[in-house]
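Got the viewer open? Here is a short tour, one selection at a time.

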Amino acid sequence: MRKWVLSGILASEETYLSHLEALLIPMKPLRAAATTSQPMLTIQQIETIFFKVPELHEIHKDFYDALLPRVQNWSHQQCVGDLFQKLASQLGVYRAFVDNYKVAVETADKCCQANAQFAEISENLMVRSTKDCKDQSAKYSLETLLYKPVDRVTRSTLVLHDLLKHTPSSHPDYPLLQDALRISQNFLSSINEEITPRRQSMTVKKGENRQLLRDRFMVELVEGSRKLRHVFLFTDLLLCTKLKKQAAGKGQQYDCKWYIPLADLTFQTIEDCESSPVPLVQDEEIDALKIKISQIKNDIQREKRTTKGPKVIERLRKKLSEQESLLLLMSPNMAFRVANRNGKGFTFLISSDYERAEWREIIREQQKKCFKSFSLTSLELQMLTNSCVKLQTVHTIPMTMNKEDDESPGLYGFLNVIVHSASGLKQSLNLYCSLEVDAFGYFVNKAKTRVYRDSTEPNWNEEFEIELEGSQTLRLLCYEKCCGKVKQSKEDGEVTDKIVAKGQIKLDPQTLQSKDWQRTVIAMNGIEVKLSMKFTGREFSLKRMPSRKQSGVFGVKINVVTKRERSKVPLIVRQCVEEIERRGMDEVGIYRVSGVATDIQALKAAFDSNNKDVALMMREMDVNAIAGTLKLYFRELPEPLFTDELYPNFAGGIALSDSVAKESCMVNLLLSLPEPNLLTFLFLLDHLKRVAENESINKMSLHNIATVFGPTLLRPSEKDSKLSSSSQPISMNDCWSLEVMAQVQVLLYFLQLERIPTPDSKRQSLLFSTEV
């Protein structure tokens with residue numbers, strides 16, 4: 001292993017030597033020209049800019065030439081410690097270089113401004129290729145190359161740490177390497193103490209005060225790949241960094257990927273750039289990650305109740321961190337694009353329109369105070385990036401794993417929200433509201449009101465039922481519908497409406513524990529939106545309550561309804577499906593977007609009373625309300641469509657790894673359902689497949705549909721749920737997540753199955769009957 005470490009050091013040395021050589025190449029002609037009648041630079045300027053570069057090159061050339069043959073003729077007893085000890089003893093040359101560095105860069109800048117020919121040379125220094133580099137040569141600026149020795153000396157101890165780690169303590173090299181490390185650490189410590197005040201003064205222009213406004217973990221789209229970044233917004237620039245992998249015993253470090261002065265920053269739309277479309281991650285992959293996260297959290301809770309010690313929990317926490325980082329990386333799909341003054345664009349992916357608007361607002365507000373463009377030297381940029389370690393306010397990815405045990409894990413269940421009205425508008429607008437809640441560390445849009453047209457006091461009074469998965473915040477956005485006007489912008493090819501106001505409220509478990517409606521107001525830049533909220537926990541939402549009114553259809557067993565109607569599929573299912581297929585197949589988010597609760601309750605009452613005008617009512621209602629009515633019917637069945645008796649078998653069958661065994665098990669279980677349940681499910685299954693065929697328009701994939709309908713069709717009664725026996729609140733929520741994921745997988749399996757085999761003639765005649 002020592003040989004591989006040393007081979008890496010040799011490769012690094014070769015690259016470093018090529019950088020130093022690139023600095024030496026222009027020195028000779030510049031010196032020659034300095035003695036002519038038209039010098040490009042004076043001798044003093046040359047000495048200042050290239051101070052100690054020849055000495056550094058000589059030191060590292062000698063080190064490289066001595067180390068190479070020893071590695072080539074390698075044996076386990078080979079010694080190299082004396083070479084590293086000698087290299088460490090020559091660090092005084094680096095002290096002189098670092099002390100002169102700022103003057104060298106400033107001198108080079110002044111010379112570039114005074115002499116265009118030197119400026120051209122400074123920007124096009126050629127670095128020869130190394131053995132490991134495929135390119136023949138590469139261009140570097142003088143400023144970049146002058147920073148290489150500074151960067152090199154700050155990393156000198158890392159090389160020695162790696163080598164010591166793979167050197168046995170009994171090896172003759174061990175004490176020599178320890179001595180070299182001691183010298184390097186003492187040198188680096190003294191250098192840091194001397195240049196710390198200089199670093200602080202160099203990070204901002206004279207008379208200015210750079211402050212951190214916000215920092216966030218974000219996903220950057222780089223050549224079609226998703227990259228996790230830590231983004232810092234300062235009062236005068238936007239800095240995008242990458243968190244380096246931490247070595248044992250080492251603190252955090254950042255690499256700067258790019259920065260844009262706010263004076264130069266512009267927001268790009270899809271029309272301004274030639275960016276590739278956002279690569280979407282399959283919903284199945286997202287759900288698989290959520291399952292893993294829930295399982296690991298469950299394991300952590302279980303281990304806490306045992307006496308195995310903290311090491312097992314620590315390993316699980318590390319595993320959890322990896323999975324949640326992946327989820328954060330894969331989940332956002334909304335583009336947020338910025339560009340520098342040269343038009344070079346950078347794309348972030350964000351999960352929420354609220355967050356995107358927040359970034360734009362704070363940057364635009366700060367840009368009013370930023371008038372001048374500027375550029376940072378390499379050292380200034382390095383010092384600023386280093387300062388981010390202490391300045392950062394967000395230390396961990398925004399996931400549930402980072403919350404302490406005594407902190408609320410969020411709400412699990414259903415939140416009913418009534419959006420009443422808005423006031424404070426200064427002009428008449430076509431206004432609608434959108435509701436977002438957080439789940440698994442990111443926000444998703446859950447509901448949208450109708451557009452209230454041409455009014456300063458819109459009065460919606462619309463109720464929505466929103467499922468919560470560990471949610472802690474409700475966000476509300478007010479949009480102006482830009483019908484007949486010039487559209488504001490385009491994001492990913494879609495015309496967007498203007499955000500007029502936005503606000504959020506914390507979902508307080510204590511306040512929402514009451515079964516009564518809680519009224520609240522969200523104030524947003526002079527605009528106020530009135531809401532009412534009521535929360536139902538999952539422990540109560542599990543209960544399937546039979547209806548006392550057996551003459552209706554909601555809460556009545558499906559076999560009772562079909563027998564009474566003399567039909568094979570309940571009338572309510574047929575009528576809702578027909579209406580949705582008539583005008584809802586292109587509706588974006590059909591079955592996912594909540595319908596207005598009052599419309600759903602009106603349809604429920606009409607079906608329960610056998611109202612003859614129910615078909616006419618449906619034609620006049622929003623199609624999302626009809627979809628909501630159909631979901632409500634299945635959810636309120638006293639027993640799920642897949643029955644309490646067979647539910648555990650379906651959950652077990654979907655977990656089988658052998659595909660042949662799984663198909664045999666799942667199909668046989670399906671054909672074991674009571675006849676009304678089976679025929680109703682097959683009728684619904686055909687419909688849902690047709691909905692998914694329009695995915696390119698309605699955005700409802702088979703997986704999206706399974707996510708919506710899985711728990712509705714399979715969720716068992718309370719007595720059969722794993723949650724009923726759980727006493728740990730956090731564990732209960734994770735059990736719920738695992739159970740819901742299994743229900744989704746069962747329905748998805750049947751949605752993806754090309755056909756349902758029919759093993760006997762009785763079933764065959766049953767299945768192929770078209771009368772419903």
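**The whole chain first**

Of the contacts in the protein with a separation of 6 or more, 72% are between residues 24 or more positions apart (contact means heavy atoms within 4.5 Å). This is a predicted model, in which local features need pLDDT of at least 70 and side-chain atom pairs count only at pLDDT 80 or more, while totals for chains, interfaces and linings use all residues. Numbering runs from 1 along each chain as its sequence is written, and side-chain values use heavy atoms, with hydrogens and water left out.

Colour by secondary structure and you have 28 helices and 20 strands; these are DSSP runs numbered from the N terminus, with helices being H or I of at least four residues and strands E of at least two. Buried residues make up 50% of the 772 residues, where buried means under 20% relative accessible area, exposed over 50%, and partly exposed in between (1.4 Å probe, protein chains only). Switch on the surface: the accessible area is about 38,000 Å², and carbon and sulfur atoms hold 49% of that (Shrake-Rupley method, 1.4 Å probe; for residues, only the protein chains shown count as cover).

**Stop one: two glutamates**

Select E436, in strand β11 (residues 429-439). Which side chain of opposite charge is nearest to E436? That would be R475, at 4.2 Å, and E436 is buried yet has no salt bridge. Here Lys and Arg count as positive, Asp and Glu as negative, and His and the chain ends are not counted; a salt bridge needs a side-chain nitrogen of Lys or Arg within 4 Å of a carboxyl oxygen of Asp or Glu. What E436 does have is a side-chain polar contact with the side chain of S352, at 2.7 Å. (A polar contact is a pair of N or O atoms within 3.5 Å; within protein, one must be able to donate a hydrogen and the other to accept it, and residues adjacent in sequence count only if both atoms are side-chain atoms.) Leaving aside neighbours within four places in sequence, the contacts of E436 include D353, Y354, F443 and K446.

Now jump to E220 in strand β3 (residues 212-222). E220 counts as buried because its relative accessibility is 4%. Its side chain makes a polar contact with the side chain of R229 at 2.8 Å. Beyond four places in sequence, C240, W258 and F346 are among the residues in contact with E220.

**Stop two: salt bridges**

Side chains of opposite charge can pair when their charged atoms come close. The count here comes to 20 salt bridges.

Show E358 and R214, whose side chains meet at 3.3 Å, N to O. E358 sits in helix α13 (residues 353-367) and R214 in strand β3, so this pair ties together parts 144 residues apart in sequence. R214 is buried at 10% relative accessibility, while E358 is partly exposed at 22%.

Next, pick E462 and R450: their closest N and O atoms are 2.7 Å apart in a salt bridge. E462 lies in strand β14 (residues 459-471) and R450 in the loop between β12 (442-448) and β13 (452-455), so parts twelve residues apart in sequence are tied together. E462 is buried at 3%, and R450 is partly exposed at 40%.

Last selection: E579, R582 and R583, which are linked in a network of salt bridges.
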